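Dear colleague, you asked for a short review of the fold and of its helices. My remarks are set out below, after the structure itself.

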Amino acid sequence: AADVGANIGVYSMLAASLVGPEGSVVAFEPDPLNVDRLRRQVQRNQLSQLQIVEAAVAECCSELYLKTGKDSLSSIAMSPREGTAVAAVSLDSYFESRRLPVYIKVDVEGYEEAVVRGASSLMHRNFPLVWQLELGGMDNCYGYSEASICDKLLSHGYQFCRYNANQGTLVPLGEVDGHHEDNVLAVRDLSEVDARIRAGL
């Protein structure tokens, strides 16, 4: 699994506990304050299967500017004057020669499309099976749109779903509905993912 915008690691640590010592979780977090807290959590819980990458995730390997110190609201700045320089990697470059993620969670305060665009090669290799995206009506603050994110995922064979926690099932959404969900799952192979859910994988 990969956790893009890991913050202090709530999702990362849950994923690490689920994949167990034989699995692998990569937590991408660019804010130094959040990274320090995340490292302490990993050490405290002895999660050797959880790797921390202190970097933002973008369309390509580059340098970005981050509004730091805002806890879960740290975000990419529009100009150098507004933020601190941080390294950025793409998912394609990071996973080019590493174990491929089955599940990717993305919560990057409106920068989601850049993350997805940087995973085109990964998606051509049929990974991940599931994207978890927090879209949340960020109103094109980086020149991106939720509709274009959704269109890109649809073009790679994903369909949008909601997870029904009471029944432990995925509920397919229409293409238009995917544009209006704050939290959405983009699933490549619904039958395989359903089978994994039933098997506790």
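The numbered points go from the whole chain to single helices and then to the backbone of a few loop residues.

1. The model is predicted, and my remarks should be read with that in mind. The protein chain contains seven helices and 12 strands. Its radius of gyration is 16 Å, close to the 17 Å that the globule rule gives for 201 residues, so the chain is as compact as a globular protein of that length. Along the principal axes, the C-alpha atoms occupy a box of roughly 45 × 40 × 35 Å.

2. On burial and contacts, 47% of the 201 residues count as buried. Among contacts with a separation of 6 or more, 69% are between residues 24 or more positions apart. The accessible surface of the protein chain is about 10100 Å², and carbon and sulfur atoms contribute 48% of that surface.

3. On charge, the protein chain carries 17 positive and 27 negative side chains. The centres of these two sets are 6 Å apart.

4. Helix α1 spans residues 10-19. Which residues of α1 are buried? They are S12, M13, A15 and A16. These residues cover an arc of only 160 degrees around the axis, which puts them on the same side of α1. V10 and L18 are exposed on the other side of α1. The cover over the buried residues of α1 includes β1 (2-4), β2 (25-28), α2 (32-45) and β3 (50-53). Just after α1, G20 has a positive phi of about 75 degrees.

5. Two residues of α1 deserve separate mention. L18 lies in helix α1 and is exposed, with a relative accessible area of 67%. Between L18 and H124 there are 26 Å in space, C-alpha to C-alpha, and 106 residues in sequence. Y11 also belongs to α1, but at 42% relative accessibility Y11 counts as partly exposed. Leaving aside residues up to four places away in sequence, Y11 touches D3, K105 and Q132. Y11 and D31, by contrast, are 20 residues apart in sequence and 16 Å apart in space, C-alpha to C-alpha.

6. Helix α6 covers residues 146-155, and its buried residues are E146, I149, C150, K152 and L153. Their arc around the axis is only 160 degrees, which puts them on the same side of α6. The list includes E146 and K152, so a reader looking at charged side chains may wish to inspect both in the model. The buried residues of α6 pack against α4, α5, β9, β10 and β12. Just after α6, G157 adopts a positive phi of about 90 degrees.

7. In helix α7 (residues 190-198), the buried residues are L190, V193 and D194. An arc of only 100 degrees around the axis holds them, which puts them on the same side of α7. What covers these buried residues includes β9 (130-134), β10 (159-164), β11 (169-172) and β12 (183-187). G200, just after α7, takes a positive phi of about 75 degrees.

8. A general remark bears on the three helices above. An α-helix has 3.6 residues a turn, so residues three or four places apart point the same way.

9. The remaining remarks concern backbone geometry. Most residues other than glycine have a negative phi, and most peptide bonds are trans. Where is the cis peptide bond with omega of about -5 degrees? This bond joins F127 and P128. P128 is placed in the loop between α5 (120-124) and β9.

10. N126 has its place in the loop between α5 and β9. N126 is not a glycine, yet its phi is positive, at about 70 degrees. Is N126 buried or partly exposed? With a relative accessible area of 45%, N126 is partly exposed.

11. E109 is another residue other than glycine with a positive phi, near 50 degrees. E109 is located in the loop between β8 (103-106) and α4 (112-117). At 17% relative accessibility, E109 falls under the 20% cut-off and counts as buried.

Terms used: Residues numbered from 1 in each chain as written. Predicted model: local features only at pLDDT ≥ 70, side-chain atom pairs only at ≥ 80, totals over all residues. Heavy atoms only, no water. Helix = DSSP H or I, 4+ residues; strand = E, 2+ residues; numbered from the N terminus. Rg over C-alpha atoms; globule rule 2.2 N^0.38 Å. Buried < 20%, exposed > 50% of the residue type's maximum accessible area, 1.4 Å probe, protein only. Contact = heavy atoms within 4.5 Å. Areas by Shrake-Rupley, 256 points an atom, 1.4 Å probe, with all protein chains shown as cover. Lys, Arg positive; Asp, Glu negative; His and termini not counted. Charge placed at Lys NZ, Arg CZ, Asp CG, Glu CD. Arc of directions from axis to C-beta.
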